[in-house]
Amino acid sequence: MRKKIIIANWKMNKTLGEGLQLVEEITKELNTQTQSDVLKIIAPSFIHLASLADKLKLNGFEIAAQNCHHISKGAYTGEVSAEMVASTGAKYVIIGHSERRMYFGESNDLLAQKVNSALSNNLTPVFCIGENLTERNANKHLEAVTKQLKEGLFHLSPTDFGKLIIAYEPVWAIGTGVTATVHQAQGMHNHIRSEINKKYGKDISSTIPILYGGSCNPKNAKELFACIDVDGGLIGGASLNAPDFVAIVNSIGN
Ligand code: PEP
């Protein structure tokens, strides 16, 4: 049985005070008894990682960074290394989010280096892949995602690959209010698992968690998470308010 995972990606939202308040509201609303099996991770801004880590851990959450630099240290003003992320108590790091790929020009090659750096610092990469609308409309979505997988991750040893979490996030669904249908989500998750199977074999392909992300909300979460190859979600907008986020967490397995 694969672990069910929900990750909140706060992006560039929430001051420290607002973040602390949101964590408070989420923990108050969560029915921890029924959801003890769900791994809940919150990814605030870098600047809040250390301040939120203790409070989150105390309340049964893990903490993730939204990015890290690919080099371990040096004269890179304004950047944050994987080692620095790990030193805050974070155990996870999102790598390759489409906003990083789009707005900051992050290539598969660079992302592969970030994955290496994260793993060397004992962080679990949450690696994001997903096609854009042009690729989907041209029926090139499977190809596009396979390329991201191969170039970003397939250099890893089986042992390292087995440590990852993958998030399928179709770019056209992120922050748009348009969600992938159950058929589209399950189809792609199945494709990703079969590509992993070809490269790393069944033991790894059947155990690696693959999350769905893209306009997930309390109304559509349940049917998306019920797909056989969907192991949870990476949640953006709906993770910024407690009732929606808690409803999404509670929709897993219910
Ligand atoms: C995301 O940014 O990872 C995401 C899934 O955003 P949203 O839920 O807002 O579409």
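How many residues does helix H9 have, and how far does the helix reach from its first C-alpha to its last? In this predicted model, H9 covers residues 182-200, which gives 19 residues, and its C-alpha span is 26 Å, close to the 27 Å expected at 1.5 Å a residue. The buried residues of H9 are Ala185, Gln186, Met188, His189, His191, Ile192, Arg193, Glu195, Ile196 and Tyr200. After the helix comes Gly201, with a positive phi near 90°.

**Ligand site**

The ligand is surrounded by 14 residues, of which Lys11, His97, Glu169, Gly175 and Ser215 come nearest. By character, this shell comprises four nonpolar, eight polar and two charged residues. Three of the contacts to oxygen atoms of the ligand are listed below.

| Residue | Protein atom | Distance to a ligand oxygen atom |
|---|---|---|
| His97 | side-chain N or O | 2.7 Å |
| Gly175 | backbone N or O | 2.7 Å |
| Ser215 | backbone N or O | 2.7 Å |

Taken alone, the ligand exposes 290 Å², and the protein buries 96% of that area.

**Cysteines**

A disulfide is a covalent bond between the sulfur atoms of two cysteines. A search of the whole structure returns zero disulfides. For Cys68, the nearest cysteine sulfur belongs to Cys128 and is 12 Å away, and Cys68 is in no disulfide. Cys68 is buried, with a relative accessible area of 1%. Cys216 is likewise in no disulfide, the nearest cysteine sulfur being that of Cys227 at 10 Å. With a relative accessibility of 5%, Cys216 counts as buried, because the cut-off for that class is under 20%.

Key. Residues are numbered from 1 along each chain as its sequence is written. This is a predicted model: local features need pLDDT of at least 70, side-chain atom pairs count only at pLDDT 80 or more; totals for chains, interfaces and linings use all residues. Side-chain values use heavy atoms; hydrogens and water are left out. A residue is near a molecule or strand if one of its heavy atoms lies within 4 Å of it. A polar contact is a pair of N or O atoms within 3.5 Å; within protein, one must be able to donate a hydrogen and the other to accept it, and residues adjacent in sequence count only if both atoms are side-chain atoms. Accessible areas come from the Shrake-Rupley method with a 1.4 Å probe; for residues, only the protein chains shown count as cover. Ala, Val, Leu, Ile, Met, Phe, Trp, Tyr, Cys and Pro count as nonpolar, Asp, Glu, Lys and Arg as charged, and the others, Gly among them, as polar. Helices (H or I, at least four residues) and strands (E, at least two) are DSSP runs, numbered from the N terminus. The expected span of a helix is 1.5 Å times one less than its number of residues. Buried means under 20% relative accessible area, exposed over 50%, partly exposed in between (1.4 Å probe, protein chains only). A disulfide is a pair of cysteine sulfur atoms within 2.5 Å.
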